[in-house]
Amino acid sequence: MSQPQIVIVGSGWAGFYLAEYLSTTTYSITIVSPRRTSAYTPLLASAACGLFSFYLAEEPVRSKHRKCRFIKANVLGVDFDSRSVHCAPAFEDDEDVSNETFDLQYDFLVLAPGCMPNTFNTPGVAENALFMKNVSDAMAVRKLLFDLLEKASLPNCPVQRKRELLHVAIVGGGPTGVEITAELDDLAHKELRDLYPEVAEYLQISIYDVAPYILGAYDQKLHEYANEALLKRKIGIETNSRIEKVDKHALYIKDKGRVPYGMLLWVTGNKAVPLVMDLSVKKTEKGLVRILTDSRMRVLKSKDSDEVYDNVFALGDAADIEGSSLPTTAEVAVQKAKYLVNFFNSRHAQQSSSMPFVYRETQLVSYIGSRDGIIAGKGEKDGWTGRSAWLAWRSGSVMWTRSWRNRAMIILTWIVNVLFGKEIAKM
């Protein structure tokens, strides 16, 4: 008897975990994704700023230890009646290959396509901003930073031009925006002062957010603490900022006008990928468009029905449980993936889980720079700040990686950095 076919759409936190732990003796597993690696997104800011090599911030989907089929493609649509997905090869530089579409049959389908950066249709953002979704983005940040430092170091570069080149504008005051700010600021106050003594003083980092304060997911005491700590280190915090457009050299902010920058990082949030928008299933009606499921991850068929597709599941940032909304975090994605792994792997042992998914809340942790951090409270316990919060964040960074080899290499790199400093200029 042939093995049941499981097709997984997406190689992010949820999709990759499923491919890693689903039983390949029971199922034939195919993972379809435009990316051949899975990024450890909480580690991207650290990798961009030289805490460790880029390869430690991602994991290849193909592996001699992982017996699943990988197809580098985008899923364009799903035919639920014929149990097939329509795909197009994901090779932007080869239009002929990308146009040769094909279909894949499935017995079970897992939708985890993730999301894409939300530019809010702000003119110029897509063309001029950098994002922070994968390792290639982190590489682009590091390359541009050093290019700007070299330009500012040229003997014919006037002081005003130096200030403009070395203004790093970060749009988005959530955890990702604040953590990349913190890592860049640490880099500026340590390695860059030695590598670029003539221009390091001109490096200015600013956070822009439309909200009235940064880190809005935390309680007032903690986000005010973070705000004060960043201001003490002369980081600009511009809340209530509405960006009207962007060009190659400047932001244009309502009531503030033109603000020159050298690097623009856009980390404001997510929007649905085209596949999610096109699927004829039940979806959220407000905010980020997400596929709605029941408490067992089964996709709900339509807006006017509570019927589900028994063989189609959705999770990760692109999905949410009806009546029990959860945030778009790696922790939620992994917990849902663990639930589905247990369901599938026990299914043929006649132990099919009838229990609904229950999210086990973990504490939100953010790094705010200079070996300081904040941790949200849990239940009746208050949150806390300081060095212990930073250590909790750093140790959590290690545990996000799935391989003991990568964990060991990250810790070893940290030790070498403490003893000898970062070799960022060589990376």
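This is a tour of selected helices, strands and residues in a predicted model.

**Stop 1: helix α1 and its neighbour α11**

Select residues 13–21, which form helix α1. Seven of the nine residues in α1 are buried: W13, A14, G15, F16, Y17, L18 and A19.

Add residues 330–347, helix α11. The axes of α1 and α11 are 8 Å apart and meet at an angle of about 30°. Angles under 35 degrees count as roughly parallel, and the two helices are therefore roughly parallel to each other. The crossing of α1 over α11 is right-handed. To see the contact, show side chains for W13, A14, Y17, L18 and Y21 on the α1 side. On the α11 side, show A330, A333, V334, A337, K338, L340, V341 and N345. By class, this contact holds eleven nonpolar residues, one polar and one charged.

**Stop 2: strands β10 and β16**

Move to residues 263–266, strand β16. M263 and L265 point to one side of β16, L264 and W266 point to the other, and all of them are buried. Now add strand β10, residues 167–171. β10 and β16 run parallel and are joined by four bridges. For one of the pairings, pick I170, whose bridge partner in β16 is L265.

**Stop 3: the sheet β22-β23-β24**

Next, select the three strands of an open sheet, in the order β22-β23-β24, with antiparallel pairing. Its edges are β22 (365–369) and β24 (384–386), each of which pairs on one side only. From one strand to the next, the twist averages 15°. β23 covers residues 372–375 and is joined to β22 by four bridges. V365 has I375 as its bridge partner in β23.

Which helices lie across these strands? Helix α9, residues 220–232, lies across β22, β23 and β24 and runs at about 165° to β23. Helix α12 also lies across β22, β23 and β24, and runs at about 95° to β24.

**Stop 4: helices α12 and α13**

Keep α12 (residues 387–400) on screen and add α13 (residues 404–420). The two helices pack at an angle of about 145°, with axes 8 Å apart, and α12 passes α13 in a right-handed crossing. From α12, the residues to show are R394, V398 and M399. Their counterparts in α13 are R407, I410, I411 and W414. The contact of α12 with α13 has five nonpolar residues, two charged and no polar ones.

**Stop 5: R394**

Stay in helix α12 and centre on R394. Is R394 buried or exposed? The cut-off for buried is under 20% relative accessible area, and R394, at 10%, is therefore buried. Leaving aside residues up to four places away in sequence, R394 touches S46, L51, E183, Y367 and W414. Of these, W414 belongs to the α13 side of the previous stop.

**Stop 6: K301**

Finish in the loop between β19 (298–300) and β20 (308–314), where K301 is located. Its relative accessibility is 28%, so K301 counts as partly exposed. Outside the residues up to four places away in sequence, K301 touches S280, V281, K282, E307, V308 and Y309. For a distance check, select I291 as well: K301 and I291 are ten residues apart in sequence and 9.9 Å apart in space, C-alpha to C-alpha.

Note on methods:
Residues are numbered from 1 along each chain as its sequence is written. This is a predicted model: local features need pLDDT of at least 70, side-chain atom pairs count only at pLDDT 80 or more; totals for chains, interfaces and linings use all residues. Side-chain values use heavy atoms; hydrogens and water are left out. Buried means under 20% relative accessible area, exposed over 50%, partly exposed in between (1.4 Å probe, protein chains only). Two strands pair if DSSP finds at least two bridges between them. Axes are lines fitted to C-alpha atoms, for helices over the stretch in contact, and angles run from 0 to 180 degrees between N-to-C directions. A crossing is left-handed if the near helix is turned anticlockwise from the far one by less than a right angle, and right-handed if clockwise. Contact means heavy atoms within 4.5 Å. Ala, Val, Leu, Ile, Met, Phe, Trp, Tyr, Cys and Pro count as nonpolar, Asp, Glu, Lys and Arg as charged, and the others, Gly among them, as polar. Angles under 35 degrees count as roughly parallel, over 145 as roughly antiparallel, 65 to 115 as roughly perpendicular and the rest as oblique.
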